[in-house]
Structures are given as structure tokens and as C-alpha cells.
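Here is a short note to read beside the structure. Take the points in order and find each residue as it comes up.

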Protein chains: 2
Amino acid sequence: MPRAGLSPAAVVDVALGVVDEQGPDSLTLSAVAARTGVAAPSLYKHVRNIGELRSLVARRVLEEMTDALGEAIMGRSGDEAVAALMQAWRRYAVNHPHRYAAMPPAPLSDPALAEAGGKLMTAALAVLRGCGLEGEAAVHAARCLRAAMHGFVVLEVAGGFGLPEDLDTTYRLLQKTMIDGLRQGA
Amino acid sequence: MPRAGLSPAAVVDVALGVVDEQGPDSLTLSAVAARTGVAAPSLYKHVRNIGELRSLVARRVLEEMTDALGEAIMGRSGDEAVAALMQAWRRYAVNHPHRYAAMPPAPLSDPALAEAGGKLMTAALAVLRGCGLEGEAAVHAARCLRAAMHGFVVLEVAGGFGLPEDLDTTYRLLQKTMIDGLRQGA
DNA sequence: CCAAAAAGCTATTCACATTAGCTTTCTGTG
DNA sequence: CACAGAAAGCTAATGTGAATAGCTTTTTGG
């Protein structure tokens with residue numbers, strides 16, 4: 001019988017499929033193995049363990065999201081860039097809810113994840129510089145922005161907002177609030 | 001040999017100990033059984049399954065946190081109450097990081113959890129009424145507030161804020177931003 | 001063409017959740 | 001007080017998933 005032709009990247013591809021369809025908690029080596037037509041232990045030839053696979057998935061997702069955000073803010077500046085950033089953040093999470101949930105909120109001792117996160121931070125700080133925020137003030141502003149965006153989409157994706165009121169309206173209010181807040185800080 | 005004298009509540013007590021010391025992911029029936037001096041399967045006499053145990057734990061934590069927030073806002077109103085609410089929210093999470101992480105962001109089909117969450121929502125809406133917000137506007141404001149608080153403490157507790165800048169300062173900025181935002185909406 | 005690396009596989013171990021079925025301890029009622 | 005039945009516990013067993021060991025097959029480079 002011919003080989004499956006796997007590689008770490010291919011395993012991550014399949015893992016992303018599992019995550020998309022069944023959520024991050026269902027990402028198991030058996031599930032990935034079943035989709036690749038390979039026995040579960042064979043996957044250890046490509047990833048060290050399930051933790052590494054999760055890390056690799058998280059990294060891919062973070063990079064993908066960073067790209068999407070980068071595109072969204074490209075060519076914009078000031079409040080408009082902040083609004084675009086917030087919009088793109090939420091759109092990514094809503095379009096890929098399981099992928100978003102597959103990203104840990106912190107790099108947890110994974111240098112590659114930390115680096116990917118650093119790129120996102122750099123992009124955010126660039127946007128804030130366009131709002132007149134630099135140095136320490138920009139760091140505090142970026143944290144607030146991230147907290148607001150992350151908090152909102154985590155709750156939205158998990159179904160944490162029970163009431164029927166329109167979520168787009170809520171998010172618009174959050175955008176306005178944050179943008180006004182940034183203006184204050186500048 | 002005498003009985004262990006367990007009960008659903010006692011099992012939850014022990015489970016909270018496990019959560020506090022080893023985090024929500026380490027909450028297993030074996031861990032709880034070991035602490036109670038009982039064999040793991042015996043726990044099924046008190047809880048239906050591990051999922052129910054997690055729900056019961058989450059409910060206890062949510063109620064405990066709701067109490068803490070209720071105390072914090074008691075006797076205050078307006079911006080001061082909002083500031084106290086935000087302060088107490090963060091304090092609870094920082095003092096009990098694993099318990100905070102043990103709460104799912106949504107009731108996920110658990111009516112008891114939903115009810116506990118409803119009480120918290122009621123308290124929040126009461127605070128906002130004191131800021132001149134009612135009806136739909138209050139719902140949108142409450143969501144924004146929750147998103148900001150939850151997002152911040154999730155990231156703080158997980159170690160998601162890498163840089164060395166002072167987190168108290170960041171949170172003060174977030175408080176100010178949200179309070180200004182609420183004033184706008186009113 | 002062949003040696004060795006790479007990629008698979010089967011068998012096995014361990015942890016945890018869960019079920020089944022048996023035994024022991026309480027408890028309340030005659 | 002006795003004892004029947006409920007409640008609470010136990011052991012044994014199953015299923016799933018992670019992980020390791022050691023063997024076999026496929027590639028590939030010289």
C-alpha cells in the first residue's frame with residue numbers, strides 16, 4: 001500500500017478541518033488519523049504530541065487572523081483604521097468560531113505563538129500611532145482594545161449574550177466607546 | 001468502615017478545592033474521589049456525570065461572584081457604582097483565577113446556570129439605570145461592559161498581557177473609557 | 001542495487017468516564 | 001427492637017484517547 005504522504009503541515013491542515021467541523025475540544029489524534037487514513041500512532045512521526053498539534057493549529061489560526069486584520073487596516077488610518085480593525089476582528093471570529101476558540105489567550109511558553117502574537121500587536125500599535133498614541137499610552141490603549149474585542153466575540157461565539165437585542169448594534173456601541181476612549185487618551 | 005457522608009453539595013465543595021489548586025482542566029472524578037476517600041464510581045450516587053459536576057461548580061462560582069459584586073455596588077450609584085462593579089469583577093477573577101475560568105461564558109442549556117446569570121444581569125441593569133440607561137440601551141450598555149470586563153480579566157488571568165506595563169493602569173483606563181461611553185449612551 | 005532514514009503498523013500501557021451488579025450501612029416503621 | 005428497603009459504597013469491566021516500544025515497509029541517496 002502506498003504511503004499517505006503526510007507532513008506536519010498536512011496534519012495541521014486536517015486538524016483544522018476537525019476543529020472547523022467539531023470544535024477544538026474534538027481535536028484528537030484519532031479524529032485526525034481517521035481523516036488521513038492512517039493509524040493514530042503514526043501521527044507521532046509528524047507531531048510530538050497532541051499539545052504540539054494544538055499549538056501548531058493555534059499558530060496557523062493566529063497567522064491567518066493577523067493577515068485578515070492586516071488587510072482590513074491597510075490603507076486606513078486614525079479612527080477609521082480602529083473601526084476597521086474591530087470590524088475585521090469580529091468578522092473573523094464569527095466566520096470561524098471554532099478556529100477563534102482554538103487560539104489560547106496567551107502563548108503559554110510557545111515561542112512561535114508568541115512571535116505570531118507579537119506581529120498582531122505590532123499592527124495594532126501601528127494603528128494606534130495613527131491616533132496619536134505612542135509608547136506606554138499605546139500599550140494601555142491596545143490592551144483595552146483587545147480586551148473589548150476579545151471579550152465581545154468570545155461571548156458572542158459562545159452564545160453568551162442571551163437577550164434578543166441586535167448584536168451589531170451592541171458592537172457599534174462598543175466601537176464608538178473604544179474610539180472615543182482612545183481619543184481621550186491621546 | 002463508616003460512610004464518607006457525601007452529598008452533591010459536599011462533592012461540589014471538594015471539586016472547588018481541586019479547581020482552586022489545579023485548575024478547571026484537572027477537575028476529574030478520580031481527583032475528587034481521592035480527596036473524599038471514596039472510589040471514583042461512588043461519586044455517581046451524587047452527581048449524574050462529570051458534566052453535571054462542572055455545571056454545579058460553575059453555578060456555585062457564579063453565585064459567589066454575584067454576591068461579591070452585589071456587595072460591591074451596594075450603597076453606590078451612577079459612575080461610582082459602575083467603577084465599583086468593574087473593580088469587584090476584576091478582583092474576584094484575580095483572587096480566584098481558576099474559579100473564574102471554571103465558569104463557561106454561556107449557560108449552555110443549563111437552566112440553573114442561566115438563572116444565576118440572570119441575577120447578575122439584573123444587578124448590572126440596576127446599576128445602569130442609575131446612569132440613566134434603561135430598556136434596550138441598557139442591554140447594549142451591559143453587554144459592552146461585560147465584554148470589556150470579561151475580556152480584560154480572561155486575558156490577565158491567562159497571562160495574555162505580555163508586556164511589563166502596569167495592569168492596574170490599563171484597567172483604570174478601561175474603566176474610564178467604559179464610564180465615558182455609558183455617559184454618551186445615556 | 002542496497003543501506004539507512006522515514007513513515008507506517010500492531011501491541012501495550014495508562015488515565016479517565018461510565019455502567020453493571022453486588023454488599024454494606026442507614027433509617028423509619030411495625 | 002427487628003428488619004425491609006433505600007441509600008451509599010465497592011469491585012470489575014468497557015470504551016476512548018494519549019503515548020511508547022518495537023517491528024515492517026517504503027523511499028531515497030550514493
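1. Start with the classes. Ala, Val, Leu, Ile, Met, Phe, Trp, Tyr, Cys and Pro count as nonpolar, Asp, Glu, Lys and Arg as charged, and the others, Gly among them, as polar. With that in hand, look at the surface near DNA strand D. Its residues divide into ten nonpolar, six polar and three charged. One caution before going on: this is a predicted model.

2. Stay with DNA strand D. Which residues come closest to DNA strand D? Of the 19 that surround this strand, the closest are Arg3(A), Arg3(B), Ala39(B), Ser42(B) and His46(B). Note that both chain letters appear in that list. On the DNA side, sugar and phosphate account for 64% of the strand D atoms that come within 4 Å of the protein.

3. Now the individual polar contacts of DNA strand D. Ala39(B) has a backbone N or O atom 2.7 Å from a phosphate oxygen of strand D. From the other chain, a polar backbone atom of Ile50(A) is 2.9 Å from a phosphate oxygen of strand D. A base is reached too: a side-chain N or O atom of Lys45(B) is 3.3 Å from a base nitrogen of DNA strand D.

4. Turn to DNA strand C. Here 19 residues are around the strand, and Arg3(A), Ala39(A), Ser42(A), His46(A) and Arg3(B) come nearest. The surface near strand C has ten nonpolar, six polar and three charged residues. Of the strand C atoms within 4 Å of the protein, 62% belong to sugar or phosphate. The rest belong to bases.

5. Backbone atoms meet the phosphates of DNA strand C as well. Ile50(B) places a polar backbone atom 2.9 Å from a phosphate oxygen of strand C. For Gly5(A), the distance from a backbone N or O atom to a phosphate oxygen of strand C is 3.3 Å. For Leu6(A), a polar backbone atom is 3.4 Å from a phosphate oxygen of strand C.

6. Next, the two protein chains. How many residues of chain A are in contact with chain B? The count is 37, and they meet 37 residues of chain B. About 3,000 Å² is buried between the chains, and carbon and sulfur atoms give 73% of that area. There are zero salt bridges between chain A and chain B. Ten residue pairs are in polar contact across this interface.

7. Look at which helices of chain A take part. Helix H7 (135-158) and helix H8 (167-185) each supply at least two residues of the side that touches chain B. H7(A) gives the largest share, 15 residues. By class, that side of chain A has 20 nonpolar, ten polar and seven charged residues.

8. Last, look within chain A. The chain is divided into domain 1 (1-47) and domain 2 (60-185). Their C-alpha centres lie 30 Å apart. Eight residues of domain 1 and six residues of domain 2 make the contact. The two domains bury about 640 Å² between them, with 59% of it on carbon and sulfur atoms. Leu16(A), Asp20(A) and Pro24(A) supply 63% of the area that domain 1 buries against domain 2.

9. Check the charges at this domain interface. How many salt bridges link domain 1 of chain A and domain 2 of chain A? There are two. Find Arg60(A) and Asp13(A): they form a salt bridge, and their closest N and O atoms are 2.2 Å apart.

Conventions: Residues numbered from 1 in each chain as written. Chains lettered and ligands numbered in written order. Predicted model: local features only at pLDDT ≥ 70, side-chain atom pairs only at ≥ 80, totals over all residues. Heavy atoms only, no water. Near = heavy atom within 4 Å. Polar contact = N/O pair within 3.5 Å; in protein donor to acceptor, adjacent residues only side chain to side chain. Contact = heavy atoms within 4.5 Å. Buried area = accessible area lost by both parts, 1.4 Å probe. Salt bridge = Lys/Arg side-chain N within 4 Å of Asp/Glu carboxyl O. Helix = DSSP H or I, 4+ residues; strand = E, 2+ residues; numbered from the N terminus. Domains from an automatic or database assignment.
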